[in-house]
Amino acid sequence: MADRLASIHGTEQDRVNCPFYFKVGACRHGDRCSRQHNKPLFSQTVLLAHMYQAPASAAMAQGPTSLQSASDDKEAQVHFDDF
């Protein structure tokens with residue numbers, strides 16, 4: 001019995017644990033998901049929220065702006081690549 005449960009953990013056959021959350025770490029259903037979202041106690045990945053400050057975000061904080069042009073998109077891509 002334990003071998004069978006171990007073999008289906010994190011797959012579509014597992015009716016208790018969300019396989020998408022198990023694989024990706026997020027679920028499109030969120031809190032409404034009918035399956036459990038088991039969060040790991042530790043991870044090798046470190047998430048630093050708001051580490052990258054996009055130029056568009058900084059411009060929006062300063063006030064309303066006009067529509068972006070293609071050169072603005074290129075500058076934003078260069079800015080991100082330099083980051």
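These legends go with a set of close-up views of one predicted model.

The model is predicted, so local features need pLDDT of at least 70 and side-chain atom pairs count only at pLDDT 80 or more, while totals for chains, interfaces and linings use all residues. Residues are numbered from 1 along each chain as its sequence is written, and side-chain values use heavy atoms, with hydrogens and water left out.

**View 1. The whole chain is built on four helices and zero strands.**
Reading from the N terminus, the order of elements is α-α-α-α. Helices here are DSSP runs of H or I with at least four residues, strands are E runs of at least two, and both are numbered from the N terminus. Of the 83 residues in the chain, 12% are buried; that label means under 20% relative accessible area, with exposed set at over 50% and partly exposed in between (1.4 Å probe, protein chains only). The accessible surface comes to about 7700 Å², and carbon and sulfur atoms own 57% of that. Those areas come from the Shrake-Rupley method with a 1.4 Å probe, and for residues only the protein chains shown count as cover. Take the contacts between residues at least 6 apart in sequence, and 18% of them join residues at least 24 apart; a contact means heavy atoms within 4.5 Å.

**View 2. Confidence along the chain has its lowest mean in α3 and its highest in α2.**
The score is pLDDT, the predictor's confidence in each residue, from 0 to 100. Averaged over the chain it is 75, and 73% of the residues score at least 70. By element, α3 has a mean of 66 and α2 reaches 83.

**View 3. F83 sits in the segment after α4 (70-82).**
With a relative accessible area of 54%, F83 is exposed. Setting aside residues up to four places away in sequence, F83 touches M51 and Y52. F83 and Y52 are 31 residues apart along the chain, yet their C-alpha atoms are separated by 7.7 Å. F83 also joins V46, L48, M51 and F80 in a nonpolar surface patch of about 580 Å². For a patch, residues need over 30% relative accessible area and no salt bridge; like charges are joined within 9 Å and nonpolar side chains (Val, Leu, Ile, Met, Phe, Trp, Tyr) within 5 Å. A salt bridge is a side-chain nitrogen of Lys or Arg within 4 Å of a carboxyl oxygen of Asp or Glu.

**View 4. R35 lies in the loop between α2 (19-24) and α3 (55-62).**
R35 counts as buried because its relative accessible area is 18%. Leave out its neighbours within four places in sequence and R35 is still in contact with E12, D14, R15, V16, N17, C18 and P19.

**View 5. Cysteines, but zero disulfides in the whole structure.**
A disulfide would be a pair of cysteine sulfur atoms within 2.5 Å. For C18, the closest cysteine sulfur is in C27 at 3.8 Å, so that pair is too far for a bond. C33 is in no disulfide either, with the sulfur of C27 as its nearest cysteine sulfur, 3.8 Å away. C18 is buried at 6% relative accessibility, and C33 is buried too, with a relative accessible area of 15%.

**View 6. P55 belongs to helix α3.**
P55 is partly exposed, as its relative accessible area is 36%. For a distance to check on screen, try P55 and E75: they are 20 residues apart along the chain, and their C-alpha atoms are separated by 9.1 Å.
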